[in-house]
Amino acid sequence: MIQLLFTLLAAEVAVVFLLLFKTPFRKLAVLGLDRVKRGRGPVMAKTVAGTIFIVLGSSVYSMSKIRERSSEIGSLTPTDQVLMSRHLLEASLMGYSLFLALIIDRLHHYIRELRGLRKSVEAVTKQNRALEEAKNGSSEESKAKEKQLSELHEKVKQLELDSESRLNEAKAAEANAFALKRQSEDFLLEYDRMLEENQNLRSQLESIDRLLSHTDSKKSS
């Protein structure tokens, strides 16, 4: 389960980086996401996300149960410490996976909107040039064309403002992705520390078992 979540997290981070930087692979990533969002893709994605969310809730519930049991006893037993570390790791990985999936969805949406805005700006610019070239008509036609030109200029300004706001949102999403990468690195270090503590706890349990078995053998003799 943990290895699968790590694989999913690594794949999502790779997709985020492909969407953030303008490379030949970005187009392939966008086309792949377009295909995923067609047909039964959204239903399957929602089903997987819902399943992960339910498992996340189960891990959080298990951690709360362990805390309640430890408060009754007074301290965590070695077994509870191992279980607590495992549930915490799984819950964190699932939370990061859901967050990255949301970032991927938003980045894909913003990239498609930016492409649409660029096409609109190009179309408006072509209309503007055509109107400027055909400006040698009568005075009434000239006034109407000037009015159209002013409207087109306003549309261009509005589209530029929209494009700038989308770019700012994309930059904010990029900053969140970098922060999440740093958190993932810190979390991997914490996971290594937990594995070392788990090994130490298992060694202690084995020594306690050997001591108990040695004591039992003495009593029996």
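**Salt bridges, surface patches and buried positions**

Asp-105 has a relative accessible area of 26% and is partly exposed. The structure described here is a predicted model, and Asp-105 offers a convenient way into its charged pairs. The partner of Asp-105 is Arg-106, and the closest N and O atoms of this salt bridge lie 3.1 Å apart. Arg-106 is likewise placed in the partly exposed class, at 33% relative accessibility. In general, side chains of opposite charge can pair when their charged atoms come close.

The count of salt bridges in the model comes to five. One of them joins the side chains of Arg-86 and Glu-90, with an N to O distance of 3.4 Å. Both of these residues belong to helix H4, where a spacing of four residues puts them about one turn of the helix apart. How exposed or buried is each partner? Arg-86 is partly exposed, with 43% relative accessibility, whereas Glu-90 is buried, with 9%. Glu-90 also turns up among the contacts of Ser-59, a position taken up again below.

A further salt bridge brings together the side chains of Arg-166 and Glu-169, again with 3.4 Å from N to O. Here the setting is helix H5, which covers residues 139–220; because Arg-166 and Glu-169 are three residues apart in that helix, about one helical turn separates them. Arg-166 is partly exposed, its relative accessible area being 24%, and Glu-169 is also partly exposed, at 32% relative accessibility. Which residue joins Arg-166 and Glu-169 in a network of salt bridges? The network is completed by Glu-113.

Turning to the surface, a positive patch is formed by Lys-22, Lys-27, Arg-115, Arg-118 and Lys-119. Helix H4 makes the largest contribution to this positive patch, supplying three residues. Arg-118, one of the patch residues, has its place in H4. Helix H4 therefore carries both the Arg-86 and Glu-90 pair and, with Glu-90 at 9% relative accessibility, a buried acidic residue.

A nonpolar patch is also found on the surface, where Leu-18, Phe-25, Leu-28 and Leu-31 make up an area of about 380 Å². Which helix gives the largest share of this nonpolar patch? That is helix H2, residues 24–36, from which three residues come. Leu-18 is located in helix H1, which runs over residues 2–20. With a relative accessible area of 30%, Leu-18 is partly exposed.

Two polar positions away from these patches deserve a look of their own. Ser-59 sits in helix H3, which spans residues 41–73. Its relative accessible area is 4%, so Ser-59 is buried, the cut-off being under 20%. Apart from neighbours within four places in sequence, Ser-59 touches His-87, Glu-90, Ala-91 and Met-94.

Asn-128 provides a second example, this time in helix H4, residues 78–133. What surrounds Asn-128, once its neighbours within four places in sequence are set aside? Its contacts are Leu-149, Leu-152 and His-153. At 12% relative accessible area, Asn-128 is buried.

Terms used: Residues numbered from 1 in each chain as written. Predicted model: local features only at pLDDT ≥ 70, side-chain atom pairs only at ≥ 80, totals over all residues. Heavy atoms only, no water. Helix = DSSP H or I, 4+ residues; strand = E, 2+ residues; numbered from the N terminus. Buried < 20%, exposed > 50% of the residue type's maximum accessible area, 1.4 Å probe, protein only. Contact = heavy atoms within 4.5 Å. Patch = residues over 30% accessible without salt bridge, like charges linked within 9 Å, V, L, I, M, F, W, Y side chains within 5 Å. Areas by Shrake-Rupley, 256 points an atom, 1.4 Å probe, with all protein chains shown as cover. Salt bridge = Lys/Arg side-chain N within 4 Å of Asp/Glu carboxyl O. Lys, Arg positive; Asp, Glu negative; His and termini not counted. Charge placed at Lys NZ, Arg CZ, Asp CG, Glu CD.
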